[in-house]
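Colleague: Could you take me through one part of this model in some detail? I'd like to hear about the salt bridges, and then whatever strands and surface patches go with the picture.

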Amino acid sequence: MRCFVIFQNLKDEWLSNVRKDVLSGIAVAFALIPEAIAFSMIAGVNPMIGLYGAFIISVIVSIFGGRLGMISGATGSTALLMVLLVKNHGDQYLFAAGILTGIIQIMMGIFKLGRFITFVPHTVVTGFVNALGILIFLAQLPHIEGAGMVAYAMVATTLVIVYGLPHLTKVIPSAIVAIAFMTVVSIVMHLHLQTVGQIGELSGHLPYFHIPSVPLNWNTFMIILPYSFPIALVGSLETLLSATVVDDLTNTKSNKNKEIRGQGIANLVTGFFGAMAGCAMIGQTVLNVEYGGRKRLSTFISGAFLISLIVLFRPIVSEIPVAALVGVMFMVAANTFEWKSIGQLHRVPRIEAVIMILTVVSVVATNDLAIGVFAGVALSAVTFGWKIARLHATTSTDKEGVKIYILRGQMFFATMTHFVQLFDVHVDPQKIIIDFTHTHIWDHSSVVGIQRVINRYKECNKTVHFIGLNEESKELLDKFSSLKSA
């Protein structure tokens, strides 16, 4: 029975979409090369450290990740956090930091912190996606800035092939055809264009296992912790948001906690193989999904084919014109951006539009995904708190002269001052009933507020009774006070 379940999982998650997964994985592998090299340069390390990271992380995540079809590797958001560590302490401390990053993420997955992605509003996710589309576009500009009309023409031709070929055939991803065709044209016509080999020197050997050459003591731990912790947080956040985007694109579900653990295992391994830590890559993931990649095989192929290109076909890969890859990434940027969100800005509530714009502006201005997302979430939380911090009461008097206060709204710390002010203690009759049918008591502050009202009535020799309390509210009152409900 267990063997049958394993076989079924293997079939469902690996072998049910083979052709599309293989082709999309190959297309993604080409797109990973310039990005991995560029992110290595951001961190201030040898390009192979980023390429090895892209290879290792993709392969490990394809096995242990919880979001099928998602591409992971070295990213700009995590590379930015590594700059000072590399500058001040060198590569070996970077590898050690990657190991600690992996351990932190594994613990985050074990303690199921992936659930917190549900606290990120849709407007913030949309802003995150739009900001990523802009950042992907802007990241390509330095590669062709001042490169001349030939480079611009190659970018334009690449885009024509990428968008035009699918109208003729979808057997092979258009990105692969565009890159191969542009490479042949560049070689045959002897075009003087920047190539992948000129961005960074490519090595022709596989990564090998080694323990980072750092002292195994408390001082080392305190050096790498201030870098590992934010890398783990930012990497997890970007991964969870990317997984949410893929969930929407494919109408499927993913295991967020398993994905964090998978990313953690991958980053742990990278540190022992001379590679840099990373996380999910939304641009390459969108490219994978666009070309039909849906299962674990597509993620595995993207990493495996990448290292095959570097090791077995290094001379050919070195000749790929960067302008062709820029054209492909322009397509990725355009597909990543939620164009519909612009047309819907005037339809959504004004504050939600502001939140989305704030998220985009914060991310693009700081080049830090975490800052933008945290800013959007913080404003959303304040807005939500402001909306629900409203408590109303209607009153009536029954035949026996008992005054009844019917509450509507939520009872928590933000509404307690208003709650106390609702009651006209000196004018009210001897007996008061507070109806909680349409409200809920959430915290200790609520209990303190209720106790204050009761004490005021007691000082006037008046009695108060409660009705309509739900079970959770009753338990909270019983736990924190001696109040009796009726």
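Modeller: Happy to. Keep in mind that this is a predicted model. There are four salt bridges in the structure, and I'll start with the one that spans a long stretch of sequence. Glu13 pairs with Arg296, and their closest N and O atoms sit 2.7 Å apart. Glu13 belongs to helix α1 (residues 2-13) and Arg296 to helix α14 (residues 296-312), so the bridge links distant parts of the chain, 283 residues apart. The two ends differ in cover: Glu13 is partly exposed because its relative accessibility is 24%, while Arg296, at 4%, counts as buried.

Next comes Asp428 with Lys403, again with 2.7 Å between the closest N and O atoms. Asp428 is in the loop between α20 (416-421) and β5, and Lys403 is in strand β4, so this pair ties together parts 25 residues apart in sequence. Asp428 is buried at 4% relative accessibility, and Lys403 is buried as well, since its relative accessible area is 18% and the limit for buried is under 20%. There's also a small network: Arg67, Asp247 and Lys256 are joined by salt bridges that share partners. Within that network, Lys256 and Asp247 have closest N and O atoms 2.7 Å apart, and both residues are buried.

Lys403 brings us to the strands. Strand β4 (residues 403-411) runs antiparallel to strand β3 (residues 391-397), with seven bridges joining them. Thr395 faces Tyr405 of β4 across that pairing. The two strands make a hairpin with five residues in between, and Gly401 in the turn has a positive phi of about 85°.

The loop that holds Asp428 leads on to β5. Strand β5 (residues 431-441) pairs with β6 in the parallel sense, over five bridges, and Lys431 has Thr463 of β6 as its bridge partner. Strand β6 (residues 463-467) has two faces: Val464 and Phe466 are on the covered one, whereas Thr463, His465 and Ile467 are on the uncovered one.

Now for the surface. Glu471, Glu472, Glu475 and Asp478 come together as a patch of negative charge. Asp478 sits in helix α22 (residues 471-480) and counts as exposed because its relative accessibility is 54%. A nonpolar surface patch of about 710 Å² is built from Ile103, Met107, Ile110, Phe111, Leu113, Phe116 and Phe119. Of these, Met107 is in helix α6 (residues 91-110), and with a relative accessible area of 38% this residue is partly exposed.

Definitions and conventions:
Residues numbered from 1 in each chain as written. Predicted model: local features only at pLDDT ≥ 70, side-chain atom pairs only at ≥ 80, totals over all residues. Heavy atoms only, no water. Patch = residues over 30% accessible without salt bridge, like charges linked within 9 Å, V, L, I, M, F, W, Y side chains within 5 Å. Areas by Shrake-Rupley, 256 points an atom, 1.4 Å probe, with all protein chains shown as cover. Salt bridge = Lys/Arg side-chain N within 4 Å of Asp/Glu carboxyl O. Lys, Arg positive; Asp, Glu negative; His and termini not counted. Charge placed at Lys NZ, Arg CZ, Asp CG, Glu CD. Helix = DSSP H or I, 4+ residues; strand = E, 2+ residues; numbered from the N terminus. Buried < 20%, exposed > 50% of the residue type's maximum accessible area, 1.4 Å probe, protein only. Pairing = 2+ DSSP bridges.
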